[in-house]
Amino acid sequence: MKIMIINGPNLNLLGVREPEIYGRETYADLLDKIRSHAKSLGVEVEFYQSNHEGDLVDCIQSTYRRCDGIVINPAAYTHTSIALLDAVKSVGVPTVEVHISNPDSREEFRRVSYIRQACVASICGHGTNGYLEAIDLLLSKR
Ligand code: DQA
C-alpha cells in the first residue's frame, strides 16, 4: 500500500509558526514520525509540501493509478480551494483530510472546508498524531 502525504502552505514552518497552536515539532520531525509509523505497518509513504496551490493540484493528480491513499493537510487552502476539491474528486483516490488544530473551534473563516466533501474522513485537533490516525484509517478501509 502506498500513501501520499501532502502538506499545504506554511506547514514547512512547523515548530516555528504559532507554536502555541501547532506545537514545537518541526516539519522534519513530522516526517520522521510518519515514516516510522508507516514502516511499522509496512506502508509505503511519499511526502510532498508546497506553498503553491497549482503544485498541490499537480501532486494530487500524480497519485492517479499510482497511490492507494492520500493524507492531506491543505492548510489555508482548505478554506478557499475548489481546485484542490476537484483534484481529489478527479483522481478518485481515498483521501483523509487532517488538521493539526481544530479549525472549527477557531475563527469563523476556518469553518468552511471545500475538500471535506471529497474525503472519506476528516481528523482535526489531534495534533500531528492525526496524520498517523489517517494512515491507520486508510489501511483499515482496504
Ligand atoms: C491547519 C488549519 C488551517 O486553518 C490553517 O490555515 C493551517 C493549518 C491545521 O493543520 O490546523 O495552515 O490546516
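This report describes the sheet, the helix packing and the largest pocket of a predicted model.

## Basis of the model

The structure is predicted: local features need pLDDT of at least 70, side-chain atom pairs count only at pLDDT 80 or more, and totals for chains, interfaces and linings use all residues. Residues are numbered from 1 along each chain as its sequence is written, and side-chain values use heavy atoms, leaving out hydrogens and water.

## The sheet

Five strands (DSSP runs of E, at least two residues, numbered from the N terminus) form an open sheet in the order β2-β1-β3-β4-β5, with parallel pairing. Two strands pair if DSSP finds at least two bridges between them. The edge strands, β2 (44-49) and β5 (121-124), each pair on one side only. Ignoring direction, neighbouring strands are turned by 20° against each other on average.

Strand β4 (residues 95-99) runs parallel to β5, and four bridges join them. Val98 has Ile123 in β5 as its bridge partner.

## Helices on the sheet

Helices are DSSP runs of H or I with at least four residues. Contact means heavy atoms within 4.5 Å, and angles run from 0 to 180 degrees between N-to-C directions, with axes fitted to C-alpha atoms, for helices over the stretch in contact. Helix α2 (residues 27-41) packs on the sheet, touching β1 (2-7) and β2, and its direction makes about 160° with that of β2. Helix α3 touches β1, β2 and β3 (69-73), and its direction makes about 175° with that of β1.

## Helices α3 and α4

The axes of α3 (residues 53-62) and α4 (residues 82-91) come within 9 Å and cross at roughly 10°. Helix α3 is therefore roughly parallel to α4 (angles under 35 degrees). Glu53, Leu56, Val57, Ile60 and Gln61 in α3 meet Ala83, Leu84, Ala87, Val88 and Val91 in α4.

## The largest pocket

A pocket is an open set of points on a 1 Å grid over the protein atoms alone, where a 1.4 Å probe fits, with protein on both sides within 12 Å along at least five of seven lines; lining residues have an atom within 4 Å of a point. The largest pocket has a volume (the space filled by probe spheres set on the points) of about 160 Å³. Of its 15 lining residues, Arg17, Tyr22, Ala75, Ala76 and Arg110 are the closest to its centre.

Technical notes
Parallel < 35°, antiparallel > 145°, perpendicular 65-115°, else oblique.
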